[in-house]
Amino acid sequence: MFCTNCGKEIKEREVKKEKQKVVKDSNFDSNKQVEIVFKCPTCGELIHSNLSKEEMKSLNQVAHSKIHKARYDVNAGLCGLVIGLILIVIGLLFFVLCFDINNNRQLDVNRTEFYVFCVLFSVGVVLLTYGVIRFIIGLKDKRTYTSLVRHLQNETFVQ
């Protein structure tokens, strides 16, 4: 289930029922269908199962913007990954410089190179973690909204 206003994918267990409408079939008076309306937790828009053409168009536009945001997330994640890896490699080079050659190759933690290593390695690990998380979220969102657009264009979408 997707919100036609903000495009958020909503699981039915995440939202409360706003109201139930009884829809009568025009052919038979005895046939009644119950339509459950949900409220989007993000924007407050009412979500129902029978979408009009205008709501489908709105959902299609929102899905396209979400795909562009997902591509941005993938690119930002890759940048974080690359910069994090570069900082870790440079930090490891500074770690090698921390060893004192005159003192039987012992690690000297009082050298400036050791502090530079600690900072570069820490920042590199944080950027690497950020990059992986952003990359995975971007790929997941891109796959979700690309599938949604495909179903909307093929007119096989069911809310």
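These legends go with several close-up views of a predicted model.

**View 1. The whole chain, before zooming in.** The protein chain has 2 helices and 5 strands. Starting at the N terminus, the order of elements is β-β-β-α-β-β-α, with helix α1 covering residues 53-96 and helix α2 covering residues 112-153. Of the chain's 159 residues, 28% count as buried. About 11,000 Å² of the protein chain is exposed, and carbon and sulfur atoms supply 57% of that area. Take the contacts in the chain with a separation of 6 or more: 60% of them come from residues 24 or more positions apart. A search of the whole structure turns up 4 salt bridges and 6 aromatic pairs, and the views below pick out some of these.

**View 2. K69 and D73 pair up along helix α1.** Here the side chains of K69 and D73 meet in a salt bridge, with N to O at 3.0 Å. Both residues belong to helix α1 and sit 4 residues apart, about one turn of the helix. Is D73 buried or exposed? D73 has a relative accessible area of 3%, so it counts as buried. K69, on the other hand, comes out at 45% and is therefore partly exposed.

**View 3. R134 reaches D73 from the other helix.** R134 is found in helix α2, and it makes a salt bridge with D73 in which the closest N and O atoms are 3.0 Å apart. Because R134 lies in helix α2 and D73 in helix α1, the pair ties together parts that are 61 residues apart in sequence. Both partners are buried. The R134 and D73 side chains are also joined by a polar contact of 3.0 Å. Leaving aside residues up to four places away in sequence, R134 touches Y72, D73, V74, A76 and G77.

**View 4. R111 meets E113, with a look back at the network.** The side chains of R111 and E113 form a salt bridge, 3.6 Å from N to O. R111 is partly exposed, at a relative accessible area of 26%, and E113 is partly exposed too, at 24%. Which residues do salt bridges with shared partners join into one network? That would be K69, D73 and R134, so keep Views 2 and 3 at hand, since R134 and D73 tie helix α2 to helix α1.

**View 5. Two ring pairs around F114.** A pair of aromatic rings is described by the distance of the centres and the angle of the planes. Among the 6 aromatic pairs in the whole structure, F114 and Y115 make one that is edge-to-face, 6.3 Å centre to centre with 70 degrees between the planes. F114 is buried, with a relative accessible area of 17%, whereas Y115 is partly exposed at 48%. F114 also pairs with F117, and this pair is tilted: 6.0 Å centre to centre, with 45 degrees between the planes. F114 and F117 both lie in helix α2, 3 residues apart, about one turn of the helix. F117 is buried as well, with a relative accessible area of 13%.

**View 6. Pulling back to the ring cluster.** Which residues do the ring pairs link into a cluster? The members are F95, F99, F114, Y115, F117 and F121. The rings of F114, Y115 and F117 from View 5 are part of this cluster.

Terms used. Residues numbered from 1 in each chain as written. Predicted model: local features only at pLDDT ≥ 70, side-chain atom pairs only at ≥ 80, totals over all residues. Heavy atoms only, no water. Buried < 20%, exposed > 50% of the residue type's maximum accessible area, 1.4 Å probe, protein only. Contact = heavy atoms within 4.5 Å. Areas by Shrake-Rupley, 256 points an atom, 1.4 Å probe, with all protein chains shown as cover. Polar contact = N/O pair within 3.5 Å; in protein donor to acceptor, adjacent residues only side chain to side chain. Phe/Tyr/Trp six-rings, centres within 6.5 Å; stacked < 30°, edge-to-face > 60°.
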